[in-house]
Amino acid sequence: MSGKMAEQTEKTDIQHSLDRLYDVIASRKNKTVGDSYTAQLFAGAPVKPARKLCEEATEVLIEAMNDDKIKLASESADLLYHLLVVWAAADLDPRDVWQELDSRQGIPGNVEKQNR
């Protein structure tokens with residue numbers, strides 16, 4: 001498999017992993033609080049998931065500064081999970097985010113920020 005093709009496959013696998021996780025998270029939205037941690041987060045939405053997202057972002061920051069890749073990967077996974085919970089609580093479809101990211105491709109970051 002060529003480098004470009006392998007890179008595209010990896011990107012697709014990552015997107016699908018996040019989409020699958022979002023589907024599992026969204027399926028917990030109507031569960032009782034005792035059934036799952038995700039249901040507990042939804043019960044306190046939007047505040048509880050948003051606060052937890054901030055907590056996880058801080059933990060990612062700490063591990064990035066500690067230069068610990070293993071802990072950084074673990075905390076990053078937690079951050080992504082909690083971000084998806086925030087999206088699901090707000091009924092934001094990940095495809096809307098992917099579309100926004102796609103619309104920014106090829107635009108320098110400083111130009112994109114000025115356009116907002």
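The following exchange asks how several descriptions of this predicted model are justified.

Reader: Why are helix α3 and helix α4 called roughly antiparallel?

Author: Helix α3, residues 47-66, and helix α4, residues 69-89, pack at an angle of about 160°, with their axes 8 Å apart. Angles over 145 degrees count as roughly antiparallel, and α3 and α4 therefore earn that description. As for handedness, α3 passes α4 in a left-handed crossing.

Reader: Which residues make the contact between α3 and α4, and how do they divide into nonpolar, polar and charged?

Author: On the α3 side the contact includes P49, A50, L53, A57, V60 and A64, together with charged partners such as K52 and E56, while α4 contributes, among others, L72, L79, H82, L83, V85 and V86. The residues of this contact divide into eleven nonpolar, two polar and seven charged.

Reader: What makes the pair of Y37 and Y81 a stacked one?

Author: The ring centres of Y37 and Y81 are 6.3 Å apart and their planes stand at 25°. Rings pair if their centres lie within 6.5 Å, and planes under 30 degrees apart count as stacked, so Y37 and Y81 satisfy both conditions. Y37 lies in helix α2, residues 37-43, and Y81 in helix α4, so the pair ties together parts that are 44 residues apart in sequence.

Reader: How do you know whether Y37 and Y81 are buried or exposed?

Author: Buried means under 20% relative accessible area and exposed means over 50%, with partly exposed in between. Y81, at 16% relative accessibility, therefore counts as buried, whereas Y37, with a relative accessible area of 38%, is partly exposed.

Reader: Why is the pair of W87 and W98 called edge-to-face?

Author: W87 and W98 lie 5.8 Å apart, centre to centre, with 70° between their planes. Planes over 60 degrees apart count as edge-to-face, and the pair of W87 and W98 is therefore given that name. W87 belongs to helix α4 and W98 to helix α5, residues 94-104, so this pair ties together parts that are eleven residues apart in sequence. Both W87 and W98 are buried, and the structure holds two aromatic pairs.

Reader: What makes T38 count as buried, and which residues does T38 touch?

Author: T38, which is placed in helix α2, has 9% relative accessibility; the limit for buried is under 20%, so T38 counts as buried. Leaving aside residues up to four places away in sequence, T38 touches I25, R28, Y81 and V85. Among these, Y81 is also the stacking partner of Y37, and V85 also takes part in the contact of α3 with α4.

Note on methods:
Residues numbered from 1 in each chain as written. Predicted model: local features only at pLDDT ≥ 70, side-chain atom pairs only at ≥ 80, totals over all residues. Heavy atoms only, no water. Axes fitted to C-alpha atoms, helices over the stretch in contact; angles between N-to-C directions. Helix = DSSP H or I, 4+ residues; strand = E, 2+ residues; numbered from the N terminus. Parallel < 35°, antiparallel > 145°, perpendicular 65-115°, else oblique. Left-handed = near helix turned anticlockwise from the far one by under 90°. Contact = heavy atoms within 4.5 Å. Phe/Tyr/Trp six-rings, centres within 6.5 Å; stacked < 30°, edge-to-face > 60°. Buried < 20%, exposed > 50% of the residue type's maximum accessible area, 1.4 Å probe, protein only.
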